[in-house]
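Welcome! Let's get to know this structure through a few questions and answers.

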Amino acid sequence: MAITTVTLSSLSLHSTTTPRLSFIKPTSKLHPLSLSISPKSSFLSPLSYHPKIITIITKANSSDIDTSFFDNLNPEEEFVYDPPTPPEDYIPPPSFDEGPIETEEEIAAAYEELYGPAYSGVSVLGKDIYVMDSKVKKTSGWGSRVKKEKIKDGFDERVVQVRRVTKVVKGGKQLHFRAVVIVGDKQGRVGVGVGKAKEVIVAVQKSALNARRNIITVPMTKYLTFPHRSEGDFGAAKVMLRPASPGTGVIAGGAVRIVLEMAGVENALGKQLRSKNALNNARATVVAVQKMRQFSEVARERGIPMEELWK
C-alpha cells in the first residue's frame, strides 16, 4: 500500500468553505508515524492555522513492491539439500520397525490404559469393566453402588431418623433424603449430626461425618450417671435430665435415649417436655449435657475442697 500526503492550508476557525487541497508526491523521507489526520473544520482549534497533513491510503502498484532480494536467485535452478554434519557423539534413534514385536497382551494393556476396559469388556490390568475410567468412580448419584468402608475410630453409629424432603424449584420439586445420626464411643463422648443427599446411604455417611465434627464430653460419676440435674432447649424442644441410682437404667425415650446410650450413661432419667422432633430433642440433650459440671471442677474454680461443697 502506498501513502499519499495532502497539505491543508488557509484554514481558519470560522471558515465554512471547503479548503483547498494540494497533493504532494509520495516520498520515503516522511515516516508514517509522523503523519496526522486533521479533524473536521467544525471541531478545529486555534492551533489549526498551521498546515496539517492528511494520510490517504491508496492501492499499491506492482512497481512499488521491493523485490531486490530475489535478484540473485534463479527460479529454474535445482537446489540440492545439504544437511548439516552431525556431531561425533551423535547416536541415531532406532527405527520404529527395528524394535521387538509386541505381544497381544501388551497391545491390549496399552489399549486399555488409553481407552479403558469398557469397550472390550475384559480387563487385562484388573480394572472394573463397568467403569469407563477406573480412576474416577462415582461416589454419589444414580448408579453408584460403591460401599464405603466404615471409619474405625472407636465410635459407633446409630441412625435416629431418615426423612424424605423436597425442595420446590422453578422446574418442579427436588427429592432428597435427610438423615440424623448419633455417634459415640460409650465412654463419655457423643455427637449429633445431620446430612442431606439424593441417596439414603450417602445421607447417612454425610451425617456421620458431621456428627464426628461435633463431639462433646459428657460428665459422669463413677456410677455412670449425671453429677446433677439439668435442662436444655433447642428450637421448640426442651429436655429434662436427672441422675439416677445404680441399677435404674436409662429411662428416656426417642432421641434422648439414643444420645445417652451412645455416651455410655447407664443410670439416668430423661423427659421430652415440648416438641417431639427427633433432631431438636437430640440437640437439646446435647445442650443440657453441656451445662453439667463436675464437682471437682466447681471446687477448683472456687478454691475450696470438695467436702465444703455440701456444707
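A residue is called buried under 20% relative accessible area, exposed over 50% and partly exposed in between, using a 1.4 Å probe and protein chains only. The model is predicted, so local features need pLDDT of at least 70 and side-chain atom pairs count only at pLDDT 80 or more, while totals for chains, interfaces and linings use all residues. Residues are numbered from 1 along each chain as its sequence is written, and side-chain values use heavy atoms, with hydrogens and water left out.

Q: How many helices and strands are in the protein?
A: Helices (H or I, at least four residues) and strands (E, at least two) are DSSP runs, numbered from the N terminus. By that reading, the protein has five helices and 11 strands.

Q: What share of the residues in the protein is buried?
A: The protein has 311 residues. The buried ones make up 28%.

Q: Which strands stand at the edges of the open sheet with the order β4-β5-β6-β7?
A: Two strands pair if DSSP finds at least two bridges between them. The open sheet has four strands with antiparallel pairing. Each edge strand has a single partner, so one side of it is left without a neighbour in the sheet; the edges are β4 (156–169) and β7 (215–217).

Q: Which residue in β7 does R189 stand opposite?
A: Strand β6 spans residues 189–197 and pairs with β7 in the antiparallel sense over three bridges. In β7, the residue opposite R189 is T217.

Q: What angle does the direction of helix α2 make with that of β6?
A: Axes are lines fitted to C-alpha atoms, for helices over the stretch in contact, and angles run from 0 to 180 degrees between N-to-C directions. Helix α2 (residues 200–212) packs on the sheet and touches β4, β5 (172–184), β6 and β7, where contact means heavy atoms within 4.5 Å. Its direction and that of β6 make an angle of about 145°.

Q: What angle does α4 make with β6?
A: Helix α4 also packs on the sheet, touching β4, β5, β6 and β7. The angle between its direction and that of β6 is about 150°.

Q: Is T285 buried or exposed?
A: T285 lies in helix α4 (residues 278–290). Leaving aside residues up to four places away in sequence, T285 touches V239, L241, V256, V259 and L260. Because its relative accessibility is 0%, T285 counts as buried.

Q: How far apart are the closest N and O atoms of E157 and R212?
A: A salt bridge is a side-chain nitrogen of Lys or Arg within 4 Å of a carboxyl oxygen of Asp or Glu. E157 and R212 form one, linking strand β4 to helix α2 across 55 residues of the chain. Their closest N and O atoms are apart by 2.9 Å.

Q: Which residues are linked with E157 in a network of salt bridges?
A: E157 is partly exposed at 32% relative accessible area, while R212 counts as buried at 17%. The network links E157 with D153 and R212.

Q: Why are R257 and E261 separated by about one helical turn?
A: These residues form a salt bridge, with their closest N and O atoms 3.1 Å apart. R257 is partly exposed at 33%, and E261 is partly exposed at 26%. Because they are four residues apart in helix α3, their separation is about one helical turn.
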